[in-house]
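Hi,

Here is the structure I said I would pass on. Have a look at it first, and then read my notes underneath.

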Amino acid sequence: MAERVTASAPGKLMLFGEHAVVYGVPCLVTAVDRRMKVSLERRRDKKLVIKAKQVGLPYYVRNIKEAGKGETPKPARFTEKLVANFYEQYGLSNGLEVTTDCQFSDKYGFGASAAVTAALGYGLSQLYGIKQTKEDLFNLGYRTVIGVQGVGSGFDVAAAIWGGTIYYIKGKKIESIKCKDHLLAVGYTGVKADTPALVRQVAELRRQEPLRVAGIFSQIKEVVEEARVVLEKGTGRSLGRLMERNQRLLRELGVSSQKIEDLIEACGRGGAWGAKLSGAGGGDCIIASVAEESGDRIRGEITQAGGGMVKVGYQAEGVRLESE
Ligand code: MEV
């Protein structure tokens, strides 16, 4: 058992299949090379201290027994809930200090909350010398996400734990796939998406027009299955075409926005093979399949359209220990 540990988990980029994944359609997600680091230290008292400066919570304290109960400030919710779930599962009551350090803005939609649950769950298992498989960590993280935000498929928790690129079916499959080095550009709209609200919006559309939405989901499934093959052995051009197809379907679901469309058009002007929103929609990031030589033009066009390029590598390593 250690006195202190630091663990980290990557953020994610949804490649194909967002929204439909909530209803059992597969999706493809990759881990990005920006990480959430979580440092844990035992305390001699019975307090839970959370330090999360980047999200406006420099010092937050409460009794460990009360973790996850009653009102919790937003930036502490996932941390508190995960600690509460872990402590309950293993009958723990020790004091604990948690410090988070994130290498990406929580505004990008890279899944900071999922990454926190993955890194924290892993860190706790190391701190207390409790063996947890990836599946155990996933169940703990996913239970925590559902406990805090009520909705979500769990694909982001899986990406944070397994890393690499994953073919994910909610409740059924988490399969690592070997993806070629396709070049992706990532553009940020400057608008933070409200994921739970967008998931509920699609749920409402599905309630009102079940047949139309079922048709859209089954076309998204086709796109995801084709994209899996293209990611493994296809061309950037084919990947771009599949992004366009997925984007058309997301538009029909009503989750695109003017800003997203502006950035997608900008990618087209810059010579991208295709682009789509990534994640819940409404804002956050877009991804584009691009050739090496069009990178600078695309950057210029995205900036002109009022967006920003985010430089990320993908297929990053999953949850890991940083130090003891
Ligand atoms: C959000 O990043 C992706 C959604 O499919 C929600 C989810 O799968 O949890 C919209």
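Below is what I found, starting with the ligand. Keep in mind that this is a predicted model.

The ligand takes up the space of the largest pocket. Around the ligand you will see Lys12, Glu18, His19, Val21, Val22, Gly152, Ser153, Phe155, Thr195, Val199, Gly279 and Ala280. On its own the ligand would expose 300 Å², and the protein buries 95% of that. Two polar contacts to look up: a ligand oxygen atom is 2.6 Å from an N or O atom in the Ser153 side chain, and a ligand oxygen atom is 2.8 Å from a polar backbone atom of His19.

His19 is worth a second look. It sits in the loop between strand S1 (4-16) and strand S2 (27-43), and its phi is positive, about 70°, although it is not a glycine. Most residues other than glycine have a negative phi. His19 has 5% relative accessibility, so it counts as buried, the cut-off being under 20%.

Asp284 is another one. This residue is not a glycine either, yet has a positive phi of about 55°. You will find Asp284 in the loop between strand S9 (274-278) and strand S10 (285-289), and it counts as buried because its relative accessibility is 3%.

Last, helix H7. Its 18 residues (236-253) should span 26 Å at 1.5 Å a residue, and the end C-alpha atoms are 26 Å apart, so the two agree. Among the buried residues of H7 are Leu239, Leu242, Met243, Asn246, Leu249, Leu250 and Leu253. Right after H7 comes Gly254, with a positive phi near 80°.

Cheers

Definitions and conventions
Residues are numbered from 1 along each chain as its sequence is written. Side-chain values use heavy atoms; hydrogens and water are left out. Helices (H or I, at least four residues) and strands (E, at least two) are DSSP runs, numbered from the N terminus. The expected span of a helix is 1.5 Å times one less than its number of residues. Buried means under 20% relative accessible area, exposed over 50%, partly exposed in between (1.4 Å probe, protein chains only). A residue is near a molecule or strand if one of its heavy atoms lies within 4 Å of it. A polar contact is a pair of N or O atoms within 3.5 Å; within protein, one must be able to donate a hydrogen and the other to accept it, and residues adjacent in sequence count only if both atoms are side-chain atoms. Accessible areas come from the Shrake-Rupley method with a 1.4 Å probe; for residues, only the protein chains shown count as cover. On a 1 Å grid over the protein atoms alone, a cavity is a set of points where a 1.4 Å probe fits but cannot get out, and a pocket is an open set with protein on both sides within 12 Å along at least five of seven lines; lining residues have an atom within 4 Å of a point. A molecule sits in a cavity or pocket if more than half of its atoms lie within 2 Å of its grid points.
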